[in-house]
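New to this one? Here's a quick tour to read alongside the sequence and the 3D view.

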Amino acid sequence: LIDEFQDTDGLQYDIFRTLFATGDGENSLFLIGDPKQAIYSFRGADLHTYLDAADSCERGMTLGVNYRSTPELIAAVNHLFFRPDNPRPFLDPKIGYQPVSAPDQERDRFREDGRTPAPMVLWQVKSEDKPLAKGALAPRICRAVAAEISRLLRGAAGGRIGIGDAPLLPRDIAVLVETHAQGEAIHQALGAL
């Protein structure tokens, strides 16, 4: 059994396949992973290895319940990515989106000024005249993300923002980046505030 298989590279997969996927009926190889996480190559992930492995599997199973998110966020993500007019919402047509449901149990909600805000917000960076180059766009994004985190933490310190009855804490916030350099840029933007 290989958990977090999306972090497996091609050489590792060849070794596991050679040792355990013999097809003799006496050995079984279970691969557990998420193709949407296989994009993070800094963790050793290799999307094509993941997809090749998925194609070679005798059968596949998908978890149907997301226990980490609120029902509102799950519904928003399902709405964004699961559309009948676009069955393959990601760049690679081999990666589909499987909608999930929320568990029946109640979860603490993110609250701002006593209300539950929108579960998902998409930001658009506007340019005055023409599209911005990546080099010009990245610092703007870092400043905007850092400013929002600062706003949230100031609101939490003032008792206006929390999760359930507890104030929002820095450990409750994550910024997903594609590269170490992007993470460092966010870190510097946060440090500037």
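Is Leu11 buried or exposed? Leu11 is exposed, with a relative accessible area of 61%. Keep in mind as you look around that this is a predicted model. A search of the whole structure turns up seven salt bridges, and there are four aromatic pairs as well. Below, we go through some of these and a few other spots.

**Helix H1 and its surface**

- Leu11 sits in helix H1, and together with Ile15, Leu19 and Phe20 it makes a nonpolar surface patch of about 400 Å².
- H1 also has a salt bridge: the side chains of Asp14 and Arg17 meet there, at 2.3 Å from N to O.
- Both of these partners, Asp14 and Arg17, belong to helix H1 and are three residues apart, which is about one turn of the helix.
- Asp14 counts as partly exposed at 35% relative accessibility, and Arg17 counts as partly exposed at 35% too.

**Aromatic rings**

- A pair of aromatic rings is described by the distance of the centres and the angle of the planes.
- There are four aromatic pairs in the structure, and one of them is made by Phe5 and Tyr50.
- For Phe5 and Tyr50, the ring centres are 6.1 Å apart and the planes are at 45°, so this pair is tilted.
- Phe5 is in the segment before helix H1 (10-20), while Tyr50 is in helix H2 (residues 47-56), so the pair ties together parts that are 45 residues apart in sequence.
- Both partners are tucked away: Phe5 counts as buried at 2% relative accessibility, and Tyr50 is buried with a relative accessible area of 14%.
- Tyr13 joins in as well, since ring pairs link Phe5, Tyr13 and Tyr50 into a cluster.

**Thr49 and what it touches**

- Thr49 has its place in helix H2 and counts as buried, at 7% relative accessibility.
- Which residues does Thr49 contact, leaving aside its neighbours within four places in sequence? They are Phe5, Thr8, Asp9, Gly10 and Tyr13.
- Two of those contacts, Phe5 and Tyr13, are also members of the ring cluster with Tyr50.

**Salt bridges farther along the chain**

- Glu72 pairs up with Arg109 in a salt bridge, and their closest N and O atoms are 3.0 Å apart.
- That pair links distant parts of the chain: Glu72 is in helix H3 (residues 71-81) and Arg109 is in the loop between H3 and S1, 37 residues apart.
- Glu72 is partly exposed, with a relative accessible area of 35%, whereas Arg109 is buried, with a relative accessible area of 17%.
- Glu106 comes into the picture too, because a network of salt bridges links Glu72, Glu106 and Arg109.
- Another bridge is formed by Arg83 and Asp85, with the closest N and O atoms 3.9 Å apart.
- In that second pair, Arg83 is partly exposed with a relative accessible area of 39%, and Asp85 is exposed with a relative accessible area of 64%.

**Around Glu112**

- Glu112 lies in strand S1 (residues 110-112).
- Is Glu112 buried or exposed? Glu112 is buried, with a relative accessible area of 13%.
- Not counting residues up to four places away in sequence, Glu112 touches Pro117, Arg151, Arg160 and Ile161.
- With Arg151 there is also a polar contact of 2.6 Å, joining the side chains of Glu112 and Arg151.
- Glu112 and Leu152 are 40 residues apart in sequence, yet their C-alpha atoms are 8.8 Å apart in space.

**Two residues with positive phi**

- Glu4 has a phi near 55°, a positive value in a residue other than glycine.
- You'll find Glu4 in the segment before H1, where it is partly exposed with a relative accessible area of 40%.
- Asp113 likewise has a phi near 55°, again a positive value in a residue other than glycine.
- Asp113 is in the loop between S1 and helix H4 (134-157) and counts as partly exposed at 43% relative accessibility.

How values were computed. Residues numbered from 1 in each chain as written. Predicted model: local features only at pLDDT ≥ 70, side-chain atom pairs only at ≥ 80, totals over all residues. Heavy atoms only, no water. Phe/Tyr/Trp six-rings, centres within 6.5 Å; stacked < 30°, edge-to-face > 60°. Helix = DSSP H or I, 4+ residues; strand = E, 2+ residues; numbered from the N terminus. Buried < 20%, exposed > 50% of the residue type's maximum accessible area, 1.4 Å probe, protein only. Contact = heavy atoms within 4.5 Å. Polar contact = N/O pair within 3.5 Å; in protein donor to acceptor, adjacent residues only side chain to side chain. Patch = residues over 30% accessible without salt bridge, like charges linked within 9 Å, V, L, I, M, F, W, Y side chains within 5 Å. Areas by Shrake-Rupley, 256 points an atom, 1.4 Å probe, with all protein chains shown as cover. Salt bridge = Lys/Arg side-chain N within 4 Å of Asp/Glu carboxyl O.
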